[in-house]
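Q: Could you take me through one part of this model up close? I'd like to start with a buried charged side chain and then see what sits around it.

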Amino acid sequence: MISISNIEYSYDGALKKALDGVSLEIGEGEFVAIVGHNGSGKSTLAKMLNALLLPDKGSVSVFGMDTSDEEKTLDIRKKVGIVFQNPDNQIVTTVVEEDVGFGPENLGVPTEQIIERVHSALEAVGMLEYAKHAPHMLSGGQKQRIAIAGVLAIDPDVLVFDEATAMLDPLGRKAVIEIASRLNREKGKTVVMITQYMEEVTAADRVIVMSGGKIAMEGTPEQIFRKGDELRALRLDVPVMVELRDMLVREGLMKESNVLDVSQMAEVICPLLLKN
Ligand code: ADP
Ligand code: MG
């Protein structure tokens, strides 16, 4: 569905390549997480997915459309929507529902359809009751949900979240992750979740670790989190529950397991505690 073939990219005047030989396939309905330290090339890669940037070398194909084909740019942007880090930069009007309708309007969606789409997009992010509110009066987490609704109203098949939780408090972060998972599970949307928070990748089908403009590791969350030392060498943390799991296993207090998050840990550890 998305096929990235050996792309390279350098920003004007930069000495170092921001992307240096990246190849990646993303399949329909997949939930892919991309992690990596600051400056590893994640945002540059995200912008390649809907023709906001074009590779210097190699190619990006989205539903069979080459992103370098200018005639296809609009069609590509209808297929792939990106939610960015800072919700304030994504708000363009003074009324929530107008803001959510801005994207589809720009892409030439007929007005009757826009009204419907705005309604269902706001519903999907739990913000319907704020339709007539002023976006700048909302909390950071609410603004980010409006930004997500704005992308949903375009009805893309692929949703890219580029550190969309980075500026939110823990509750706001959790809400965004839950919305992304639900859109993936229930609406079949393909999700690309770019994040610095390792706890946020445990729900992904596949994790891509970037470093220095290259893909450094790739695998299921279980496979990736078995390689704690490699992750730390790339200046990434393993989730707290994985640290705890490995510690308990080392101490002989728990059998080897695939525990990645709190609820899985509770499932394994509660019976042990009750036994003693
Ligand atoms: P990440 O999203 O993983 O933090 P980026 O894709 O933003 O990484 O950046 C990759 C590299 O490209 C970094 O070395 C960064 O400094 C550089 N870079 C990013 N944006 C620009 C820009 N607009 N101009 C020049 N260099 C940039
Ligand atoms: Mg970035």
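A: Here is a walk that starts at one aspartate and then moves on to other spots in the chain.

Keep in mind that this is a predicted model. The aspartate to look at is Asp 99, in helix H3, which covers residues 96-106. Asp 99 is buried, yet it has no salt bridge. The nearest side chain of opposite charge belongs to Lys 143, and that is 11 Å away; a salt bridge would need the charged atoms within 4 Å.

So what does the side chain of Asp 99 reach instead? One answer is the backbone nitrogen of Val 92, at 2.9 Å. Another is the backbone nitrogen of Thr 93, which lies 2.6 Å from a polar atom of the Asp 99 side chain. Leaving aside neighbours within four places in sequence, Asp 99 is in contact with Gln 90, Ile 91, Val 92 and Thr 93.

Gln 90 leads on to another residue, because Gln 90 is also among the residues touched by Gln 144. Gln 144 is found in helix H5, residues 140-152. With a relative accessible area of 0%, Gln 144 counts as buried, since the cut-off is under 20%. Not counting residues up to four places away in sequence, Gln 144 touches Val 83, Phe 84, Gln 85, Pro 87, Gln 90, Ala 164, Leu 168 and Val 176. For Ala 164 there is a polar detail too: its backbone oxygen lies 2.9 Å from a polar atom of the Gln 144 side chain. Look also at Arg 173: it is 29 residues from Gln 144 in sequence, and the two C-alpha atoms are 9.5 Å apart.

Val 83, on that contact list, takes us to strand E6, residues 80-83. Side chains in a regular strand alternate between the two faces of the sheet. In E6, Val 80 and Ile 82 point one way, Gly 81 and Val 83 point the other way, and all are buried. E6 pairs in the parallel sense with strand E7, residues 158-162, over four bridges. If you want one pairing to find on screen, the bridge partner of Val 80 in E7 is Val 158.

Now over to the start of the chain. A search of the whole structure finds one aromatic pair. That pair is Tyr 9 with Tyr 11, set edge-to-face, 5.0 Å centre to centre and with 90 degrees between the planes. Tyr 9 counts as buried because its relative accessibility is 13%, while Tyr 11 is partly exposed at 35%.

Ser 10 lies in the loop between strand E1 (2-9) and strand E2 (19-26). Ser 10 is partly exposed, with a relative accessible area of 25%. Not counting residues up to four places away in sequence, Ser 10 touches Lys 16, Lys 17, Ala 18 and Asp 56. Lys 255 is 245 residues from Ser 10 along the chain, and their C-alpha atoms are separated by 47 Å.

The strands on either side of that loop belong to an open sheet of four, in the order E2-E1-E4-E5, with antiparallel pairing. E2 and E5 (65-66) stand at the edges with a single partner strand each, so one side of each is left without a neighbour in the sheet. At the E5 end, two bridges join it to strand E4, residues 57-62, and Ser 61 has Asp 66 as its bridge partner in E5.

Methods. Residues numbered from 1 in each chain as written. Chains lettered and ligands numbered in written order. Predicted model: local features only at pLDDT ≥ 70, side-chain atom pairs only at ≥ 80, totals over all residues. Heavy atoms only, no water. Buried < 20%, exposed > 50% of the residue type's maximum accessible area, 1.4 Å probe, protein only. Pairing = 2+ DSSP bridges. Lys, Arg positive; Asp, Glu negative; His and termini not counted. Polar contact = N/O pair within 3.5 Å; in protein donor to acceptor, adjacent residues only side chain to side chain. Contact = heavy atoms within 4.5 Å. Phe/Tyr/Trp six-rings, centres within 6.5 Å; stacked < 30°, edge-to-face > 60°.
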